[in-house]
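Q: Could you take a close look at the salt bridges in this one and walk me through a few of the pairs? I'd like to know where the partners sit and how buried they are.

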Amino acid sequence: MKKLLTYFFTLSLIFPVVLSAFAQRPASEEDYYRIVTLPIPEDIKLEVGGLAPLPDGRLAVCTRRGEVWLISNPYMDGSRMPTYKKFASGLHEPLGLMWHPKGYFLCTQRGEVTKLIDNDGDDVADEYRSFYKWPLSGNYHEYSYGPLLLPDGDMVITLNLDWIGYGASLAKWRGWMLKLTEKGEMTPWATGLRSPAGFGLLRDGSILYTENQGDWVGSGRMTHLEKGSFAGNPAGLRWTSEPGSPLTLKPEDVPSTGKPMFEVAKTIKNLKVPAVWFPHTLMGISTSDFKQDTTNGAFGPFTDQLFVGDQGHSKIMRVSLEKVNGEWQGACFPFREGFESGIIRTVWGQDGSMFVGMTSRGWAATGKESYGIQRLVWTGKTPFEMKTITSKPDGFEVTFTLPVDRKTAENPESYSLNSFTYRYHKTYGSPIENAEPVNIRGVVVAPDGLSARIVADTILREGYIHELKAEGVRSASDNLPLLHSVGYYTLNAIAPGEKLSLPKRAIAMAKHEHGDMIAKEVKASAAASRNVKSVNAKRVVTMPADWTSGPDQTVTIGTKPGLKFDVDKLEVKAGSRVKLVFNNNDDMLHNCVITKPGAANAVGDAALRLNLNGPKMNYVPASPNVLYHTNILQPESSETIYFLAPAEPGDYQFVCSFPGHSSLMQGTLKVVK
């Protein structure tokens with residue numbers, strides 16, 4: 001009895017400590033949005049190309065292997081496992097699936113939209129009927145997407161550009177969005193598209209599409225498409241002389257100046273600037289499907305906002321939009337990471353959860369699985385987040401999902417503002433351009449604690465992306481930091497209205513901190529410059545003068561699709577003079593970094609944390625783990641570096657440190673005596 005009492009007494013001392021430790025655990029995305037994985041039979045290769053929820057609660061899936069599957073009980077109600085039935089097969093890499101209210105499927109293959117009809121009700125397609133066709137060149141990059149049903153009963157589809165070292169429209173209408181009637185009649189709608197895998201509708205009928213970084217595309221972006229819009233890549237303009245084209249613009253009318261897209265749009269008719277930019281690597285690397293939250297609160301506190309998938313980073317991002325001067329613009333935020341493969345499709349379930357369809361074969365992703373379907377479910381708990389960022393005539397207003405602690409939210413040091421843009425040119429991608437900090441003049445918090453007006457010290461730059469961080473803001477009730485403390489607002493137009501008259505106390509506080517902020521910025525800029533010089537010392541592109549007899553050995557590393565080097569092991573002698581030739585044969589940006597043994601992942605993680613400094617440092621961190629490196633290379637380009645192999649034998653590594661690539665793109669440099 002005495003031992004038992006002692007045991008319970010000990011527990012009474014320990015239990016509060018355990019509870020306290022648990023309470024102090026930082027909040028995570030999993031606390032608010034839970035990922036549920038649907039089990040898939042081993043003999044089904046469910047490389048998702050399209051998802052379509054059915055009225056009876058089932059989920060239809062088309063796969064890149066040409067099949068359509070019907071999944072019963074995808075919600076796994078009552079712990080029952082889902083079951084799978086093959087509905088159709090023999091299709092050519094379908095990347096879009098739609099259930100038509102009249103009782104049939106429309107599935108977009110490479111060269112046509114196909115109507116799939118089950119005449120006898122046995123859940124197997126009896127009839128494959130061509131709905132609308134288009135020509136093909138045979139290029140591997142001719143992906144086709146959709147259809148998307150419009151409010152008037154028409155549909156739209158999108159056609160990917162070909163890839164021949166750059167985006168090309170080798171077959172008619174490649175790089176276009178096409179509108180189809182229910183009878184299969186086509187009207188060209190918009191062009192300038194490069195890789196338009198994701199497109200969708202807003203409640204008001206607006207059509208938006210997401211784009212991936214590439215030639216003429218500095219970073220991922222979301223653009224509002226109206227009839228006659230030109231979204232930026234000129235390859236599809238070769239078809240504007242065809243009957244029905246809503247544009248007359250020609251490829252030669254679009255100069256590759258490298259100026260910001262916003263500036264070029266002032267001189268080119270129909271050029272449509274993005275409503276939202278997704279800064280490359282800071283948000284994602286390969287934007288895909290998106291859906292507007294129409295769940296009426298079943299998915300949390302973000303009604304009417306957009307949830308955008310990223311294929312390369314296996315995550316969901318969030319977008320809040322507003323109209324300024326009649327055009328959409330807005331902010332993107334991180335939302336939920338940790339999906340098992342590359343996200344390509346999302347749809348809402350009947351319970352307000354989100355089904356996420358994934359695939360990564362040839363399109364490698366941070367998620368390690370080749371394919372999968374997962375469901376994202378709100379736990380009912382509200383995360384402390386920046387809910388929206390909206391434009392004001394003298395800065396921005398941030399709304400929060402929960403009331404803020406007034407002391408931290410009124411302090412200008414709790415925030416930071418930076419602005420930057422990208423080059424608009426034919427080159428693949430773009431570095432961050434014209435980055436500048438924006439000084440904050442003052443902050444005023446609303447009486448209810450649910451919003452903060454941030455007043456800038458200068459007029460903000462239109463056409464620029466504005467990075468707003470609120471790392472010092474805490475919640476009123478629990479003193480929690482924001483779950484995600486950063487948002488990126490695309491400022492195409494400054495909202496009209498009255499400027500805010502700041503209280504003297506707010507101005508005094510801002511001025512007091514102003515000198516400290518400038519000092520920090522100067523210090524950070526100087527540190528970044530030192531880092532660049534430090535890193536560049538490890539990149540020698542001219543053979544050293546004292547190598548009079550040349551290198552002792554030459555090694556070559558190339559790339560191939562799927563985030564892979566073409567070799568995974570090389571061998572050099574300790575202390576030897578090495579000439580390394582790096583050929584980027586892929587259609588993405590890559591570098592090659594030699595690291596100490598076992599340090600490839602650490603270097604990749606450090607590259608991810610470079611943030612706005614990443615592009616100018618070629619995503620090579622100033623780390624002792626980095627021994628030698630190339631710069632970031634454009635597709636179909638090459639660079640040669642020279643170095644002395646390490647004196648100590650061992651298994652060193654080579655890695656691409658471009659964010660999102662490092663976990664997959666690695667190899668071993670074996671140094672022998």
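A: Let's fix one term before we start: a residue is called buried when its relative accessible area is under 20%, exposed when that figure is over 50%, and partly exposed in between. By that cut-off Arg-336 is buried, because its relative accessibility is 7%. Keep in mind that this is a predicted model.

Arg-336 has a salt bridge with Glu-30, and their closest N and O atoms are 2.3 Å apart. The two come from distant parts of the chain: Glu-30 is in the loop between α1 (2–23) and β1 (33–37), while Arg-336 belongs to strand β23 (residues 327–336), 306 residues apart. Glu-30 is partly exposed, at 38% relative accessibility.

Next, Glu-47 pairs with Arg-65, with 3.3 Å between the closest N and O atoms. Glu-47 sits in the loop between β1 and β2 (48–53) and Arg-65 in the loop between β3 (59–63) and β4 (68–72), so this bridge ties together parts 18 residues apart in sequence. Here Glu-47 is the buried partner, at 2%, and Arg-65 is partly exposed, at 47%.

Then there's Asp-351 with Arg-375, at 2.9 Å between the closest N and O atoms. Asp-351 is in the loop between β24 (343–348) and β25 (354–359), and Arg-375 is in strand β26 (residues 371–378), so the pair connects parts 24 residues apart in sequence. Asp-351 counts as partly exposed at 42%, and Arg-375 as buried at 8%.

Back to Arg-336 for a moment: salt bridges with shared partners join Glu-29, Glu-30 and Arg-336 into one network. Across the whole structure, the search finds 30 salt bridges.

Notes: Residues are numbered from 1 along each chain as its sequence is written. This is a predicted model: local features need pLDDT of at least 70, side-chain atom pairs count only at pLDDT 80 or more; totals for chains, interfaces and linings use all residues. Side-chain values use heavy atoms; hydrogens and water are left out. A salt bridge is a side-chain nitrogen of Lys or Arg within 4 Å of a carboxyl oxygen of Asp or Glu. Helices (H or I, at least four residues) and strands (E, at least two) are DSSP runs, numbered from the N terminus. Buried means under 20% relative accessible area, exposed over 50%, partly exposed in between (1.4 Å probe, protein chains only).
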